[in-house]
Amino acid sequence: MNYPNLIDSKLPNVGTTIFSVMSKLAADHNAINLSQGFPDFDCHEELPALVDKYMQAGRNQYAPMAGVPSLREILAEKTESLYGAKYDPELEITITAGATQAIYTAITAVIREGDEVIIFEPAYDSYQPAIELNGGKTVHLQLQAPGYTIDWEKVKQAINQRTRMIIINSPHNPTGTVLSAADMLMLSEVTKGTDIVIISDEVYEHIIFDDQPHHSVARYRALAERSFIISSFGKTFHATGWKVGYCVAPANLMDEFRKVHQFLVFSVNTPVQFALAEFLSQKDHYLELGRFYQKKRDYFIDLIKSAKFELIPAAGTYFQLLSYKNLSREKDTDYALRLIKEFGIASIPVSVFYRQQEDHSVLRFCFAKKEETLEKAAAILNKI
């Protein structure tokens, strides 16, 4: 049946996200799915039990708009303990329906028609659409391959009177790189004396390897004063389907954030919030996460050491980049598709994280998987 076209699309160049596309192809071809970033193992058994506990206790009605107080309070304690930054749980922490909602809310609270927002490519795919939906202009700066570092001189050159926001992401999806103390000091320098707001996407804050520290903007007062910090319980506690995250920001920024938040989702799953508050009281649940995933990274790397792919080291997240430049000259999108259809393994082509699909012959593989899954995947990669 034909229907009249009543909508002039606000996002005419946006289709279905690559993550959904590749996961569907993996299912269609019965391929091992190392594309979409979610574990194939369950969360800690205590967490569902705690959710059930609070459901049975009748915690099934709306939570306060900003989030359950006990959860916000323990997050304030956690942030101060880890990063030395004090945030008021009443005024400066808000629980969100996942990190993507928090990012969209922060952008919506700040960006007006004609404002410019600097992002770094390869970039997580939700940033640009959120900017455009709010009338902003995305300024794309490329990280410098193969180390995927920021060229701060180019950042300085890109900043002008229309620059309203800079979005950073560390540990970085899709590359697995982390920002250093020097990077944070440069960010502080280039934004000094401006009204630029920062969104710091820190959803992988606890997944950093080789004893490196996480340089949250919360550690740097001059940055913290102008920043929304976004975090994710789903990434931290292997429960991505729960879609619960949070935002931390100074009161003046958070006041604007909440004005938008209350009309997007109002509040977030109540029994899950109570469960997370109790679960967070055991610090090992997140302090040991880096070591947990480093073992998986190292195990995966060791399994594929004889493969013809070239390894690009991952300093954080649960993603590993592999270059196939010694295997093929195909576009990464074509090569990723062929790996699914001919070899039975799914990945994400990194070019899709660029505005113009910059192709460096690199694929992203998720190693947040059971050992048996990694073993099966490695057996395939070693044969290619």
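**Exercise 1: a strand and its partner**

Task: Work out how many bridges join β2 to strand β8, and which way the two run.

Solution, step by step:
- β2 and β8 (residues 245–248) are joined by 4 bridges, and the two strands run antiparallel. Keep in mind that you're looking at a predicted model.
- To find one facing pair, go to isoleucine 93: valine 248 in β8 stands opposite.
- Now for the side chains. In a regular strand they alternate between the two faces of the sheet.
- On one side of β2 you'll find Ile93 and Ile95, and on the other Thr94 and Thr96. All four are buried, so both faces of β2 are covered.

**Exercise 2: zooming in on a threonine**

Task: Find out which backbone atoms the side chain of threonine 96 contacts.

Solution, step by step:
- Start by placing the residue: threonine 96 sits in strand β2.
- Next, check whether it's buried or exposed. Its relative accessibility is 0%, so threonine 96 counts as buried.
- Then look for partners. The threonine 96 side chain reaches the backbone oxygen of glycine 98 at 2.9 Å.
- A polar atom of the same side chain of threonine 96 also lies 3.4 Å from the backbone nitrogen of tyrosine 246.

**Exercise 3: hunting for disulfides**

Task: Count the disulfides and check what cysteine 43 and cysteine 366 are up to.

Solution, step by step:
- You need one cut-off here: the two sulfur atoms must be within 2.5 Å.
- The count comes to 0 disulfides.
- For cysteine 43, the nearest cysteine sulfur belongs to cysteine 366 and is 16 Å away, so cysteine 43 is in no disulfide.
- Flip it around, and cysteine 366 is in no disulfide either, with the sulfur of cysteine 43 as its nearest at 16 Å.
- What about burial? Cysteine 43 has a relative accessible area of 10%, so it's buried. Cysteine 366 has 0% relative accessibility, so it counts as buried too.

**Exercise 4: sorting aromatic pairs**

Task: Decide which kind of pair tyrosine 124 makes with phenylalanine 19, and which kind with tyrosine 127.

Solution, step by step:
- A pair of aromatic rings is described by the distance of the centres and the angle of the planes.
- The whole structure holds 18 aromatic pairs.
- Take phenylalanine 19 and tyrosine 124: the ring centres are 6.3 Å apart and the planes meet at 25°, so this pair is stacked.
- Where do the two sit? Phenylalanine 19 is in helix α1 (residues 18–28), and tyrosine 124 is in the loop between β3 (116–121) and α5 (127–133). The pair therefore ties together parts that are 105 residues apart in sequence.
- Accessibility differs: phenylalanine 19 is buried at 9%, whereas tyrosine 124 is partly exposed at 22%.
- Now try tyrosine 124 with tyrosine 127. The centres are 5.9 Å apart and the planes are at 70°, so that pair is edge-to-face. Tyrosine 127 has 3% relative accessibility, so it counts as buried.
- Elsewhere, ring pairs link Phe41, Tyr204, Phe292, Tyr293, Tyr318 and Phe319 into a cluster. Over the face of phenylalanine 319 lies arginine 364, at 3.7 Å from the ring centre.
- You can spot a similar setup at phenylalanine 38, where lysine 369 lies over the ring face at 4.4 Å from the centre.

**Exercise 5: tracing salt bridges**

Task: Find the salt-bridge partners of arginine 72, lysine 78 and arginine 221.

Solution, step by step:
- Side chains of opposite charge can pair when their charged atoms come close.
- The count here is 16 salt bridges.
- Arginine 72 pairs with glutamate 90, with the closest N and O atoms 3.9 Å apart. Arginine 72 is in helix α3 (residues 69–83) and glutamate 90 in the loop between α3 and β2 (93–96), so the pair ties together parts 18 residues apart in sequence. Arginine 72 is buried, at 5%.
- Lysine 78 bridges to glutamate 205 at 3.5 Å. Lysine 78 lies in helix α3 and glutamate 205 in the loop between β6 (197–201) and α8 (221–224), so parts 127 residues apart in sequence are tied together. Both partners, lysine 78 and glutamate 205, are buried.
- Arginine 221 meets glutamate 225 at 3.4 Å, N to O. Arginine 221 is exposed at 67%, while glutamate 225 is partly exposed at 47%.
- Finally, look for a network: salt bridges link Asp210, Arg297 and Asp298.

Terms used. Residues are numbered from 1 along each chain as its sequence is written. This is a predicted model: local features need pLDDT of at least 70, side-chain atom pairs count only at pLDDT 80 or more; totals for chains, interfaces and linings use all residues. Side-chain values use heavy atoms; hydrogens and water are left out. Buried means under 20% relative accessible area, exposed over 50%, partly exposed in between (1.4 Å probe, protein chains only). Rings of Phe, Tyr and Trp (its six-membered ring) pair if their centres lie within 6.5 Å; planes under 30 degrees apart count as stacked, over 60 as edge-to-face and the rest as tilted. A charge sits over a ring if NZ of Lys or CZ of Arg is within 6 Å of the ring centre and within 35 degrees of the ring normal. A salt bridge is a side-chain nitrogen of Lys or Arg within 4 Å of a carboxyl oxygen of Asp or Glu. Two strands pair if DSSP finds at least two bridges between them. A polar contact is a pair of N or O atoms within 3.5 Å; within protein, one must be able to donate a hydrogen and the other to accept it, and residues adjacent in sequence count only if both atoms are side-chain atoms.
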